[in-house]
Amino acid sequence: MNMIELIRTRKSVRTFDGRPLSEEDVKKLSDYAATITNPYGISVSFVFLDAKEHGLSSPVINGEHLYVAGKVPMVAHCEEAFGYSFEQFVLYAWSLGIGTTWIRGTMKRELFEQAAETADGELMPTVTSLGYPATERAEADIKLRATVHGDERLEPSELFFDKTFSTPLSASDYDDALDAVRWAPSAANRQPCRVVKDGNAYHFYLKHSSANRSSATWDVQKIDLGISICHFMNVTGGEFSIADPKIGTDESTEYIATVTIKNK
Ligand SMILES: Cc1cc2nc3c(=O)[nH]c(=O)nc-3n(C[C@H](O)[C@H](O)[C@H](O)COP(=O)(O)O)c2cc1C
């Protein structure tokens with residue numbers, strides 16, 4: 001599968017067939033994890049955790065034997081960097097036929113943080129379960145997908161804009177790269193990523209859901225933005241920068257980064 005196919009076919013897998021991953025697949029995953037980088041230059045580490053050994057589970061996951069926890073130092077842009085790197089891992093797993101689900105909420109966080117030996121000054125924003133997908137989904141999986149409308153996404157006209165936020169991007173400018181952004185996974189499928197295209201520059205913005213903004217010391221929706229940027233850069237090979245173009249936005253919308261495509 002090429003990158004766009006990987007992105008389009010990936011779905012959160014919450015029901016596994018009960019087989020542990022082969023040693024060969026675990027090795028491929030851990031070798032790959034050690035090579036993952038992101039455009040922020042912030043190091044993300046991946047900790048492989050045997051579910052039984054550490055007593056780890058999630059109420060929405062069935063048939064898993066292995067979790068991987070991601071850790072990142074608590075610094076500026078750590079969420080976007082984390083989103084980017086963890087999604088690279090997710091896409092690589094899928095290229096091997098291994099299912100994953102980003103998990104931020106449906107777990108006993110302290111247990112996972114302890115098992116991953118999370119240090120002071122470090123964040124363990126999410127984990128993923130890993131395994132071979134089962135042919136049929138368990139009931140909890142079916143219910144969760146229905147609650148978050150996991151098979152749906154907002155219309156392109158609500159996500160992508162031309163030069164300013166007042167003009168939706170024309171259908172002829174909607175290409176594979178933007179489709180890859182549209183199908184990015186996001187926490188509770190809230191899809192906070194917005195993109196304003198100006199020539200070869202694609203400006204990425206975060207439209208905050210009020211439900212998410214107030215609480216924690218870190219912002220899960222910035223992770224979602226890192227995922228979207230990861231998809232876009234994988235498809236386009238574009239150049240990453242942070243240089244706010246000062247396009248007028250509403251209060252809930254925040255500039256995150258720009259990706260510029262060469263020779264388009
Ligand atoms: C940062 C992040 C956190 C998530 N946390 C959870 C979670 O705690 N439990 C869960 O079942 N799914 C979680 N998800 C998965 C989303 O619900 C899922 O990606 C979304 O509904 C879209 O479905 P899809 O991944 O099948 O395309 C999370 C996704 C992201 C990106």
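Visitor: What is the relative accessible area of D31?
Guide: Keep in mind that we're looking at a predicted model. To count as partly exposed, a residue has to sit between the buried cut-off of under 20% and the exposed cut-off of over 50%. D31 is partly exposed because its relative accessible area falls between those cut-offs, at 40%.

Visitor: Which residue forms a salt bridge with D31?
Guide: Look along helix 2 for a residue four places away from D31, which is about one helical turn. There, the closest N and O atoms of the pair are 2.6 Å apart, inside the 4 Å limit for a salt bridge. The partner of D31 is K27.

Visitor: Helix 2 also holds E24 and K28. How far apart are the closest N and O atoms of their salt bridge?
Guide: E24 and K28 are four residues apart, about one turn of the helix. A salt bridge needs its nitrogen and oxygen within 4 Å. This pair passes, with its closest N and O atoms separated by 3.6 Å.

Visitor: Is E24 buried or exposed?
Guide: For contrast, take its partner K28, which is partly exposed at 33%. E24 has 53% relative accessibility, and the cut-off to beat is over 50%. That makes E24 exposed.

Visitor: What about R145, the salt-bridge partner of D151: is R145 buried or exposed?
Guide: The closest N and O atoms of D151 and R145 are 2.8 Å apart. D151 is partly exposed, with a relative accessible area of 45%. R145 has 7% relative accessibility, and anything under 20% falls in one class, so R145 is buried.

Visitor: How many salt bridges does the whole structure have?
Guide: We've met a few of them, including the one between D151 and R145. There's also a network of salt bridges linking R8, D176 and D179. A search of the whole structure brings the total to 15.

Visitor: Let's head inside. How much space lies in the largest cavity?
Guide: The structure holds one cavity of 30 Å³ or more. Its lining includes F160, P185 and C193. The space in this largest cavity comes to about 100 Å³.

Visitor: How many residues of that lining are nonpolar?
Guide: The lining is a mix of three classes, and L159, V181 and R182 are among its residues. Helix 8 and helix 10 each supply at least two of the lining residues. Three lining residues are polar and two are charged, while the nonpolar ones number seven.

Visitor: Which residue's side chain makes a polar contact with the side chain of Q88?
Guide: Q88 is in helix 4, residues 78-95, and it's buried because its relative accessible area is 13%, with the cut-off at under 20%. Leaving out residues up to four places away in sequence, Q88 touches Y32, I36, C230 and N234. The side-chain polar contact of 2.4 Å goes to the last of these, N234.

Visitor: Where does H149 lie?
Guide: H149 has a positive phi, near 50°, in a residue other than glycine. It counts as partly exposed at 43% relative accessibility. Its place is in the loop between helix 6 and helix 7.

Visitor: What is the phi of K163?
Guide: K163 lies in the loop between strand 6 and helix 8. It's partly exposed, with a relative accessible area of 47%. Although K163 is not a glycine, its phi is positive, at about 65°.

Definitions and conventions: Residues numbered from 1 in each chain as written. Predicted model: local features only at pLDDT ≥ 70, side-chain atom pairs only at ≥ 80, totals over all residues. Heavy atoms only, no water. Salt bridge = Lys/Arg side-chain N within 4 Å of Asp/Glu carboxyl O. Buried < 20%, exposed > 50% of the residue type's maximum accessible area, 1.4 Å probe, protein only. 1 Å grid on protein atoms, 1.4 Å probe; cavity = no way out; pocket = protein on both sides within 12 Å on 5 of 7 lines; lining within 4 Å. Points joined across faces, edges and corners; volume = space filled by probe spheres on them. Nonpolar A, V, L, I, M, F, W, Y, C, P; charged D, E, K, R; others polar. Polar contact = N/O pair within 3.5 Å; in protein donor to acceptor, adjacent residues only side chain to side chain. Contact = heavy atoms within 4.5 Å.
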